[in-house]
Amino acid sequence: MLPGKVGTDAYLSPVLDIDGVSVDRLMRDFGSPLFVFSEQKIHSNIQSAKRAFSTRYPKVQFAWSYKTNYLDGVCKIFHEEGSWAEVVSGFELEKALQNGVDGSHILFNGPSKTKEDLQKAVRLGVYIHIDNLDELYLLSEVADEESERPKVAVRVNLDAGLSQQWDRFGFNYENGQAWDTLSKIVEMGKLDLKGIHCHIGTFILSTKAYAVAAEKMARLALEVFQKLRVRLEYIDLGGGFASHNTLKASYLGGPDVAPSFDDYAEAVASAIYKVPFKTSELPMLILETGRALIDDAGYLLSTVLSNKRSATGRRYTVIDAGVNLLFTSFWYDHKISPAQPYSKYFEDVTLFGPLCMNIDMIREFVCLPLLNRGDHLVIHNVGAYNVTQWMQFITLRPNVIMVKRDGDCSILHEAETLSDIKRKECL
Amino acid sequence: MKHVWQSYLSPLLKGIVLSYSSILFSQSLWFGVVLMLVTLLCPIIGLYGLASCVIANLGACALLKDKAKVSSGIFGFNAVFTGLAFGLFCPSRIEIFFAVTILVLLLTIWMEGESERLHVPFFVFPFLVCLWTLFLVQQQGGDLIAFNIEFEASQSLFGDFLDDENWAFVPDVFASFFKSLGLIIFQSNIFGGLLLAVALLCFSRIAFLYSFMGFSFGYLLYATDGWESYGVPFSYYGFNFILTSIAVGCYYVLPSKKSIAWTLALVPIQFFVVLASMRFFSFFFLPAFSFPFCAVSALFVYVLGREKSKLAPDLAGYYKGASPEETLYVYERNRRGVPLSCGMNVGLPFMGRWTVSQGVEGEHTHKGLWRYAWDFIVQDERGTQYKGSGSMLTDYYCFRKPVVATASGLVVAIMDDVEDNRLGEVDNVHNWGNYVVLKHAEGLYSAVCHLEKGSLTSKVGDWVEKGDILALCGNSGYSPFPHLHFQFQTSPIMGSPTLDFRLSSFVSNEGEVVPYGRPKLGDSVSNLLPDEELLACYTFPIGKEIRLTSDRYGQERWTVSMDAFGGTFFETAKAKAWFLQDGTRFRFLRYEGDKQCALYHFYLSNYHVPFLKDGVLSDLLSLTEMKRGVLKFFQDLVSPFFVFIRIPYEVRVKESMVQSSCHLSLFSKGRDAVRYDTMIKRQQISAIDVKEGNKTWKILFLS
């Protein structure tokens, strides 16, 4: 399908079912609004990502980014597919452990690790990715106290040729901070240096940037081996692969501009092969992909509450899912499909959520068929970040369900009730 | 002092005892001692034998550098025969005794060297030459050698007891058998033979079976049929049947139904050779002795050494166990799983998981001389091999995926300029398309074909390591859609006959590790990428000391050592366990010594461990590890025909734990299993939990 001069026609047919289970039935059984995840889609996403990388590079390991979506039911599918866990707080670390992930399969990122977090991580043999020198010194204290040799990686930030270089996390590559830190760790001798990590940014639409980052990281790993005599177990390229969502400023639709896993894999693998490692000594490649693996496996089903006309005559449609549930609508133009057959008449609509707040707008402009009160809509690509960043605000949070591969539906997260909220109140 | 013991005394003593064992193709120390004692039933004869054996082994120690060979007794057994014969025929003239003994040693050293070159055993030819020399000198006249040809029982310590008339109740076939057996070591009495027969049965059921079978068949055919007319009793030459049966039935050849058939078939041939040599040597007034056995056995072993068909029995080959049982059981085990000592690690020629779309003896093109080949494609979870509509080459998942070297080798032939076909079209002219042929060893080449034009990264003469990228998968040659063709072949010429070669290991479908196997049609397979933690856990550098304690056996200390052949093993005061670690898995090879120790349970529990988390693997333990008993006795007896006892071993590698079990299976019915949980902590084995029925106990690794 070729895009026209205003991009692709995103809604040719209504979405009547999700993996064969009718949208009407789902909303009847589980209420509205409703988050739906497709188990089948999650499996096929991770499998195609694994296939793309592992047929090009001998040692590949995915680590599920917990912050992207830490519903246990979702995490467990990734772990079942062999993914490790990538966590960024003590809370996420505990969640991963409770999901049965072994400490030696957890990567601990993030700039806010407490001393208690570090103690726990050290005891469990978690890979700790060091973000700053204060953390390094704290960890060295912990190592002494625990009489352990913590497994660590150094977080590196680098110039991958992107217009906006992320330098907030880790140590800079180009100005030598990263090398200083690596030398420091080897010199200290208390920590077990296992790898290096970088995360060049989020929703990166350029595979070239990954090629640059991968090559710089591989060269750094080789240099560590040659000069510091430490063979690094892995290089971790972080996350940032784009999903099929459409960024607000984007001219073309997401599906047309987002590289595939094959494109990313080709760029990364060929870049690492430029660095003269022996085949048997190639470091493991870790990927902390979150968004691209889960976004299109999540749907938000919603119901039209009312229609009205603006002062200028524009059609306003109010639905029961707002920015409290769909945080990502601040930066994406989510694809919206009607969930029932519709007339041939389309009109530009502004789609509002149910909150009594001016900012609660899901789509500023979207061309939709004329919808009536009670009609259903399917909002696509909502799997990443929404069920972690959602808010209990004005309304209660709805059910999250999963359509299983055998067609059964099960609740991943139950709808909130008033008593859930009141239980925490003390006065 | 220790040096003298290790370098000289120990090989010398061992060599002396094993010189006796070697007479009946054994490497068992106690059996050698028993044989020595039986020769001493007639002390004069026995002492001459022993003296000759000691002198020969001393001489070999002094002359030769290879003390390991001396200690195997290979330079002594001909001297034992010579000494015994000297004691029997002319127990006098010490200087002649020395001369004869040294002569037999020199002849043995020469013939041993030649036999290595010709791949034919030298048996007792040195002894025969020596003895004939002695006889010829005697015929020359003079009083240098006075022969005393009478067999005198009075030489014996036991007097009348050894008299055959006391043994008249023994049926003639057995009496003859015992007598023949005794005559091998110059004991011309039934009692000595009987002792020998019991010892032989204890040493090896198989050897006993073959010896009696060969002898009684000969007896049945010829002994009753007027053998007496040849002037000597059947038993005087009957030992030839015994020795030939053991040698070519179960020592040089693997015991099997085929070897039994051949052993029986050789009996009439043996008979003719016996008669002919009796006559032939009588021209020179010489006895034929064991010449018929040597001639027939050497002939047959030489014939089997040629490239043989499937009908011929298998030679026992490089590894010969201490007994035919051990040789057979170890062979059966090795056939199923250990790369041979060349240690070549052979993997799949790609990365990630691919699926076999045409296997060995496939339905399309893998036929005839080219039947040992595989076609591989990449499939998604739905079993489709392309994305989208599949109307372009780039839609195919395998297209332009890296193809890697299956093992280290030399690039010997390439083709890089055949156009890739459009989908559905084939190139009949350049069948193989673009290809790379690697040479891994003499006569072992691997080829990958249908590569993308211009994608080759190496040129002829390059050395590549296992896993190095050779090219990208393409669609050139006889290939209607992108796929990878892979085969082992016999020459560098693309398209030469394919070889039935197995991969060191690969992972099939869901985590099942296949050691030493061939992928089958429809299997989705990937290389075994070793888990770093397990690899570290199961790396035992030479010299490493492991201390441990167990509920059952108390403290133990193991050291990791290496033998002269580069084999690595754990050693305790009482036992040794050989192992192999090829970077993808740990495998025990064999166990020797006392089984009442934690090392034995370590052997059973960690017999075969793949370095793959969530990996599963099944294997069979060798029957050599089974404790002795009635069951084992019967199994040994029938082992050339069939094996009814098996010891299946199963292992499942989990996070920080290796779960394994083994059990005795009789006629495919399982019996009580022993379960082991090997705990792994901080890249080390920390403990093993053993569950035997209701009993549980623990082995704890210290340090």
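Start by selecting residues 298-309 and 315-319 of chain A: these are strands β13(A) and β14(A), which pair in the antiparallel sense over five bridges. What you have open is a predicted model, so keep that in mind as you go.

Zoom in on Val304(A) and look across to β14(A), where its bridge partner is Ile319(A). Now move to the hairpin of these two strands, with five residues between them. Which residue there takes a positive phi? Pick Gly313(A), whose phi is near 95 degrees.

Next, keep β13(A) on screen and add residues 34-38 of chain A. This is strand β3(A), and it pairs with β13(A) in the antiparallel sense over four bridges. To see one partnership up close, show Phe35(A) together with Leu300(A), its bridge partner in β13(A).

Then add residues 376-379 of chain A, strand β18(A). It runs antiparallel to β13(A), and four bridges join the two. Select Leu301(A) and you will find Val378(A) of β18(A) standing opposite. While the side chains are displayed, a general point may help: in a regular strand they alternate between the two faces of the sheet.

Now switch over to chain B and zoom out. Its C-alpha atoms fill a box of roughly 100 × 65 × 50 Å along the principal axes. Colour by secondary structure to bring up 17 helices and 24 strands. Of the 703 residues in chain B, 46% are buried.

Finally, colour chain B by pLDDT: the average is 88, and 94% of the residues score at least 70. Where pLDDT is low, the predicted coordinates should not be read in detail. For the complex, the predictor gives an ipTM of 0.87 and a pTM of 0.79.

Note on methods: Residues are numbered from 1 along each chain as its sequence is written. Chains are lettered from A and ligands numbered from 1 in the order in which they are written. This is a predicted model: local features need pLDDT of at least 70, side-chain atom pairs count only at pLDDT 80 or more; totals for chains, interfaces and linings use all residues. pLDDT is the predictor's confidence in each residue, from 0 to 100. A residue is buried if 20 or more other C-beta atoms lie within 10 Å of its own, exposed if 12 or fewer, and partly exposed in between; C-beta atoms are placed from the backbone. Two strands pair if DSSP finds at least two bridges between them.
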